[in-house]
Amino acid sequence: VSSAHEEWDRVLGYAMQSYGIFYGILLALIAVSVYENFQRVSVVVLDEASALSTFYRAVSAYPAPLGEELQEQLRVYTQNVIALDWPLQAKDIIPAYGNDQVDSIQAMLLAYEPTSGGQQALHQQTVGLYFDFVESRRARLDETKLALPPLLWVLVAVGAILNALMLALVEARNLRVHLIMSGLIAVFVALLIFVTAAMDPPYAGFLNVPPEPFQNLLDQVMT
């Protein structure tokens with residue numbers, strides 16, 4: 001019987017060692033991928049807020065009433081991003097209503113006819129800033145549905161179950177030590193999966209990307 005137990009422990013030890021390596025690599029790769037997605041979306045959001053801030057300051061140099069009207073349009077756009085875009089993106093829905101507002105800003109901007117060389121230079125620069133803003137906005141909207149494939153999460157869940165089963169199959173003379181060891185491993189794996197899942201997807205996860213750059217822009221620049 002002792003020999004059979006030793007053989008069982010030896011085979012199970014090899015199996016757990018191999019399994020632990022592969023499952024650990026899988027969790028590490030998924031965690032890194034989710035974190036990189038989260039950071040990428042954070043940068044995209046910050047880029048749009050920065051482009052919007054620069055564009056807002058540029059249109060302030062336009063003559064009245066065009067300058068004030070453009071700034072008001074941009075102020076309303078920023079408020080809508082916070083109040084309307086973020087709740088929709090948290091539901092994996094790409095907001096579409098803002099397209100009309102952006103088109104309206106473009107029409108107002110391109111309808112302006114400069115009357116001097118200085119105004120012409122300013123207008124050309126501002127048009128370029130507008131298209132930078134549009135590009136940044138499109139990048140933010142394109143990342144709305146960014147998330148890991150569901151099949152990978154199924155693989156993680158199955159792996160966690162197998163991990164628990166393998167720990168339960170270990171024959172230990174001291175039950176308390178076995179439970180403590182198994183519990184520590186299970187808690188660590190569970191925390192790693194929880195933190196990873198909390199950031200996926202970046203807009204809808206428990207630890208989602210907030211619209212803080214737009215709120216700061218509204219409070220500090222567009223007041």
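Student: Which residues have the most contacts inside the largest nonpolar core?

Tutor: Keep in mind that this is a predicted model. As background, nonpolar side chains in soluble globular proteins tend to be buried together. Here the largest nonpolar core has 45 residues, and those with the most contacts inside it are Tyr23, Leu52, Phe55, Leu74, Phe133 and Phe214.

Student: Which helix gives the largest share of this core?

Tutor: Several helices take part: α1 (2-59), α2 (66-89), α3 (98-110), α4 (117-142), α6 and α7 (212-220) each supply at least two residues of this core. The largest share is 16 residues, and the helix that provides it is α1.

Student: Leucine 74 touches which residues, not counting those up to four places away in sequence?

Tutor: Leucine 74 is a good one to look at, being among the residues with the most contacts inside the core. With residues up to four places away in sequence left out, the partners of leucine 74 are Leu52, Phe55, Tyr56, Val59, Ile105 and Met222.

Student: Which residues of α6 are buried?

Tutor: Helix α6 covers residues 175-198, 24 residues in total. From first C-alpha to last, α6 reaches 34 Å, close to the 34 Å expected at 1.5 Å a residue. The buried residues in α6 are His178, Ser182, Val189, Ile193, Thr196 and Ala198.

Student: Aspartate 200 is buried yet has no salt bridge, so how far away is the nearest side chain of opposite charge?

Tutor: Let's place aspartate 200 first: this residue sits in the loop between α6 and α7. A salt bridge needs a nitrogen and a carboxyl oxygen within 4 Å. For aspartate 200, the nearest side chain of opposite charge is that of arginine 40, at 9.5 Å.

Student: Which side chain makes a polar contact with the side chain of aspartate 200?

Tutor: Leaving out residues up to four places away in sequence, aspartate 200 touches Val34, Ala147, Leu148, Trp153 and Gly205. From leucine 148, the backbone nitrogen lies 3.1 Å from a polar atom of the aspartate 200 side chain. The side-chain partner, at 3.0 Å, is tryptophan 153.

Student: What is omega for the cis peptide bond that joins aspartate 200 and proline 201?

Tutor: Most peptide bonds are trans, which makes cis bonds worth a look. One cis bond runs from alanine 64 to proline 65, with omega near 0 degrees, and proline 65 lies in the loop between α1 and α2. Proline 201 lies in the loop between α6 and α7, and the bond from aspartate 200 to proline 201 has an omega of about -5 degrees.

Student: Where does phi of aspartate 92 lie?

Tutor: Most residues other than glycine have a negative phi. Aspartate 92 is in the loop between α2 and α3 and is partly exposed at 32% relative accessibility. Its phi is positive, near 65 degrees.

Student: Is glutamine 89 buried or exposed, and which side chain does a polar contact of 2.8 Å join to that of glutamine 89?

Tutor: Glutamine 89, found in helix α2, has a relative accessible area of 0%, so this residue is buried. Not counting residues up to four places away in sequence, glutamine 89 touches Pro95, Arg140, Leu141, Thr144 and Tyr203. The polar contact of 2.8 Å is with the side chain of threonine 144.

Student: How many residues apart in sequence are the parts that glutamate 143 and arginine 40 tie together?

Tutor: Glutamate 143 and arginine 40 form a salt bridge, with their closest N and O atoms 3.5 Å apart. Glutamate 143 counts as buried at 15% relative accessibility, while arginine 40 counts as partly exposed at 40%. Because glutamate 143 lies in the loop between α4 and α5 (150-169) and arginine 40 in helix α1, the separation of the parts they tie together is 103 residues.

Student: Which residues are linked in a network of salt bridges?

Tutor: Start with glutamate 48 and arginine 140, whose closest N and O atoms are 2.3 Å apart in a salt bridge. This pair links helix α1 to helix α4 across 92 residues, and both residues are buried. The network is made up of Glu48, Asp85 and Arg140.

Student: Why are arginine 75 and glutamate 72 separated by about one helical turn?

Tutor: An α-helix has 3.6 residues a turn. Arginine 75 and glutamate 72 form a salt bridge with closest N and O atoms 2.4 Å apart, and glutamate 72 is partly exposed at 39%. The separation is about one turn because in helix α2 the two are apart by three residues.

Key:
Residues numbered from 1 in each chain as written. Predicted model: local features only at pLDDT ≥ 70, side-chain atom pairs only at ≥ 80, totals over all residues. Heavy atoms only, no water. Helix = DSSP H or I, 4+ residues; strand = E, 2+ residues; numbered from the N terminus. Expected span 1.5 Å × (residues − 1). Buried < 20%, exposed > 50% of the residue type's maximum accessible area, 1.4 Å probe, protein only. Core = buried A, V, L, I, M, F, W, Y, C linked by side-chain atoms within 4.5 Å. Contact = heavy atoms within 4.5 Å. Lys, Arg positive; Asp, Glu negative; His and termini not counted. Polar contact = N/O pair within 3.5 Å; in protein donor to acceptor, adjacent residues only side chain to side chain.
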